[in-house]
Amino acid sequence: MAEARRRKIHSKWAEMHPALAASERAVRLSLRDREDRFGHKIGTAATHAAAQKRRDGALARLYLSGAIDLAALGAAEEIAAAAERIGRSVGVRTMSMETRVDHGGFGDGAFWEGLGQVRREIAYRRWRTDLGDTRGAIEDLIVGDIGLVETAASHRVSVRRLRRLLVDALEAWPRHLRWARDWVREEDLTQAHAGLA
């Protein structure tokens with residue numbers, strides 16, 4: 001009896017608000033469809049539906065296809081993070097330790113950069129310089145997350161050659177990190193920070 005009464009009330013409400021009723025019906029049908037497709041899997045149906053729509057980045061697709069290995073994918077992520085960090089700090093223009101340490105205020109002005117971050121940023125600048133003429137294409141792939149075919153077409157280079165250049169650039173990253181680790185010591189950073197206080 002209660003169910004029949006609820007349906008009657010809902011039916012009257014739907015007659016009075018047809019657009020809203022149609023919208024709610026569409027949502028209910030969408031949720032039911034999602035549950036039918038993904039409800040049997042471990043995890044929520046919403047999570048599985050979102051994962052199905054997600055498109056992996058250009059480098060993740062290269063890894064999944066076997067074009068680059070896991071070490072290269074990790075190097076690409078470190079490079080992209082260093083580039084993004086440098087892009088955020090507009091005042092950074094040189095590799096000099098004195099000017100490299102961030103002079104910008106943060107909260108009360110007592111901001112100290114970590115040694116690892118400084119080393120990664122310096123390694124990135126050196127790595128980027130060593131890319132030479134291929135810098136634009138390689139950065140489009142790694143930092144811009146633009147696909148291999150699209151980048152090759154926009155830079156007028158073959159996909160095969162660009163893939164080889166990318167692999168070489170990613171394999172060079174650990175060498176630049178080692179160089180930066182040897183070049184920037186903790187004492188240098190401490191001294192530069194002391195000059196800020």
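Biologist: Is tyrosine 124 buried or exposed?
Modeller: Tyrosine 124 counts as buried in this predicted model, because its relative accessibility is 7% and the cut-off for buried is under 20%.

Biologist: Where does tyrosine 124 sit, and which residues is it in contact with?
Modeller: Tyrosine 124 belongs to helix α7, and, once neighbours within four places in sequence are left aside, its contacts are Ile79, Ala82, Ala83, Ile86, Glu139, Val143 and Trp173. For one of these, alanine 83, the C-alpha atom is separated from that of tyrosine 124 by 7.2 Å, although the two residues are 41 residues apart along the chain.

Biologist: Trp173 is on that list, so what about aromatics: how many pairs does the structure hold?
Modeller: There are 2 aromatic pairs in the structure. One is formed by tryptophan 127 and tryptophan 173, whose arrangement is edge-to-face, with 6.2 Å centre to centre and 90° between the planes.

Biologist: What does that pair tie together?
Modeller: Tryptophan 127 lies in helix α7, residues 115–130, and tryptophan 173 in helix α10, so the pair links parts of the chain that are 46 residues apart in sequence. Tryptophan 127 is buried, with a relative accessible area of 1%, and tryptophan 173 is buried as well, with a value of 1%.

Biologist: And which residues make up the aromatic cluster?
Modeller: Tyr124, Trp127 and Trp173 form one aromatic cluster.

Biologist: Let's look at α10 itself: what span should it have, and how far apart are its ends?
Modeller: With 25 residues at 1.5 Å a residue, α10 should span 36 Å, and its end C-alpha atoms are 36 Å apart, so the two values agree.

Biologist: Where does α10 bend?
Modeller: The bend is at tryptophan 173 and comes to about 25°, with a proline, proline 174, following within four residues.

Biologist: Which residues of α10 are buried?
Modeller: The buried residues in α10 are Leu162, Leu165, Leu166, Val167, Ala169, Leu170, Ala172, Trp173, His176 and Ala180. As background for reading such a list, an α-helix has 3.6 residues a turn, so residues three or four places apart point the same way.

Biologist: His176 caught my eye; what does it touch?
Modeller: Histidine 176, which is found in helix α10 at residues 159–183, touches Ala123, Arg126, Trp127 and Asp130, not counting residues up to four places away in sequence. Its relative accessible area is 2%, and histidine 176 is therefore buried.

Biologist: Arg126 is in there too, so which ring does arginine 126 lie over?
Modeller: Arginine 126 lies over the face of tryptophan 179, at 4.1 Å from the ring centre.

Biologist: Switching to backbone: what is phi of aspartate 145, and where is that residue?
Modeller: Phi of aspartate 145 is near 55°, which is a positive value in a residue other than glycine, and the residue lies in the loop between α8 (135–142) and α9 (148–154). Aspartate 145 counts as partly exposed, at 41% relative accessibility.

Biologist: And what about arginine 156?
Modeller: Arginine 156 has a positive phi near 55° and is likewise a residue other than glycine; it is found in the loop between α9 and α10 and counts as exposed, at 78% relative accessibility.

Biologist: Last thing, what about confidence: where does pLDDT stay under 50?
Modeller: That is the case over residues 90–112, for which the model has 36 contacts beyond four places in sequence. Where pLDDT is low, the predicted coordinates should not be read in detail. For the protein chain, pLDDT averages 77, and 70% of the residues score at least 70.

How values were computed. Residues are numbered from 1 along each chain as its sequence is written. This is a predicted model: local features need pLDDT of at least 70, side-chain atom pairs count only at pLDDT 80 or more; totals for chains, interfaces and linings use all residues. Side-chain values use heavy atoms; hydrogens and water are left out. Helices (H or I, at least four residues) and strands (E, at least two) are DSSP runs, numbered from the N terminus. Buried means under 20% relative accessible area, exposed over 50%, partly exposed in between (1.4 Å probe, protein chains only). Contact means heavy atoms within 4.5 Å. Rings of Phe, Tyr and Trp (its six-membered ring) pair if their centres lie within 6.5 Å; planes under 30 degrees apart count as stacked, over 60 as edge-to-face and the rest as tilted. A charge sits over a ring if NZ of Lys or CZ of Arg is within 6 Å of the ring centre and within 35 degrees of the ring normal. pLDDT is the predictor's confidence in each residue, from 0 to 100. The expected span of a helix is 1.5 Å times one less than its number of residues. The bend at a residue is the angle between axes fitted to the seven residues ending there and the seven starting there.
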